[in-house]
Amino acid sequence: MNGWGLPVGRPAVMGVLNVTPDSFSDGGRFLHEDAAVARAETMLAEGADIVDIGGESTRPGAESVPIEEELRRVRNVVARVARIGGTVSIDTSKAEVARACLEAGAKIVNDVTALGDPDMVRVCAEARCAVCLMHMKGDPRTMQTDPQYQDVVQEVFEFLMTKASIAEENGIPRRDVWLDPGIGFGKTVAHNLSLLTHLDRLVATGHPILIGVSMKSFIGKLLGSEEDPAPVYERLEGTLAVQTVAVMKGVRIVRTHAVKETVRTHRLLHAMTQAD
Ligand code: HH2
């Protein structure tokens, strides 16, 4: 282990646990506390290194959730998963939710707004937790309405470097400042493919790089068409393929709904890269 505790020599698998009624892939399945904890137990048994718990959907078109409601959904689940020994990441953009969940046992903050809440950097620095900073263009309500970039790779790189500097200036060590290009967050299929092709730019910064492509719509569109994407339940192989290429390019953390399949894929990849 090094840094916050990322595994050495293999990527970390972050299992997605959405305690929401409306997430695009698992919405409504884990709203009940016991169902959410049971899902976390399953993912940990399947080999998840981290359980990423979220109480607000960020799917295109999603509305913001009030702090009290978000906390009501996630706080007890965070505490219970931490108590059974799971490493918990809290997927929130609200500093107050992050603070309460860090107190309840979370070790990582996954902030899809990359310190959009002015209090977030202080909360993370004081807790000495790892923080994932993700790029998003606009907000979930409108982000997929005709996103435009001059040079998507350069713009995302510059945004993440600016945010990473703020985190480091506030005392969070580089190994604990994870960066994520935000696949699907204000990006077309072509934008997502450019970012995935040029992941080496982000890897070269020395920050741990996280990628979240699991079951996302660009995979459905590439397998089907822009107008008629393959449904979410038909996106597993595409997810594994994209994740594998990302890991081969140096990505350190893979955020996924498909924990068992991802762990198995990584095991094979590891065996192949260790062979003489
Ligand atoms: N994607 C989602 C949510 N959080 N966090 C990071 N760091 N990177 C991502 O790519 C990412 C993320 C969206 O996926 P999901 O949680 O399954 O859906 P929803 O936002 O509808 O809950």
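In this predicted model, the cover over the buried residues of helix H1 includes two strands, S1 (12-18) and S2 (50-54), together with the helices H2 (67-83) and H10 (259-274). The residues of H1 that are buried comprise Ala36, Val37, Arg39, Ala40 and Met43. Viewed down the helix axis, these buried residues fall within an arc of 155°, and they therefore line one face of H1. An α-helix has 3.6 residues a turn, so residues three or four places apart point the same way.

Helix H1 itself runs over residues 33-46. Because each residue should contribute 1.5 Å, a span of 20 Å is expected for its 14 residues, and the end C-alpha atoms of H1 are 20 Å apart, in agreement with that value. Just after H1, Gly47 adopts a positive phi of about 115°.

The surroundings of the ligand were also examined. There are 19 residues around the ligand, of which Ser23, Ser57, Thr58, Asp180 and Lys216 come nearest. A polar atom of the Lys216 side chain is placed 2.7 Å from a ligand oxygen atom. Backbone atoms also approach the ligand: a backbone N or O atom of Phe24 lies 3.1 Å from one of its oxygen atoms, and a polar backbone atom of Arg59 is 3.4 Å from an oxygen atom of the ligand. The ligand taken alone exposes 470 Å², and 98% of that area is buried by the protein.

Terms used
Residues are numbered from 1 along each chain as its sequence is written. This is a predicted model: local features need pLDDT of at least 70, side-chain atom pairs count only at pLDDT 80 or more; totals for chains, interfaces and linings use all residues. Side-chain values use heavy atoms; hydrogens and water are left out. Helices (H or I, at least four residues) and strands (E, at least two) are DSSP runs, numbered from the N terminus. The expected span of a helix is 1.5 Å times one less than its number of residues. Buried means under 20% relative accessible area, exposed over 50%, partly exposed in between (1.4 Å probe, protein chains only). The arc is that of the directions from the helix axis to the C-beta atoms. Contact means heavy atoms within 4.5 Å. A residue is near a molecule or strand if one of its heavy atoms lies within 4 Å of it. A polar contact is a pair of N or O atoms within 3.5 Å; within protein, one must be able to donate a hydrogen and the other to accept it, and residues adjacent in sequence count only if both atoms are side-chain atoms. Accessible areas come from the Shrake-Rupley method with a 1.4 Å probe; for residues, only the protein chains shown count as cover.
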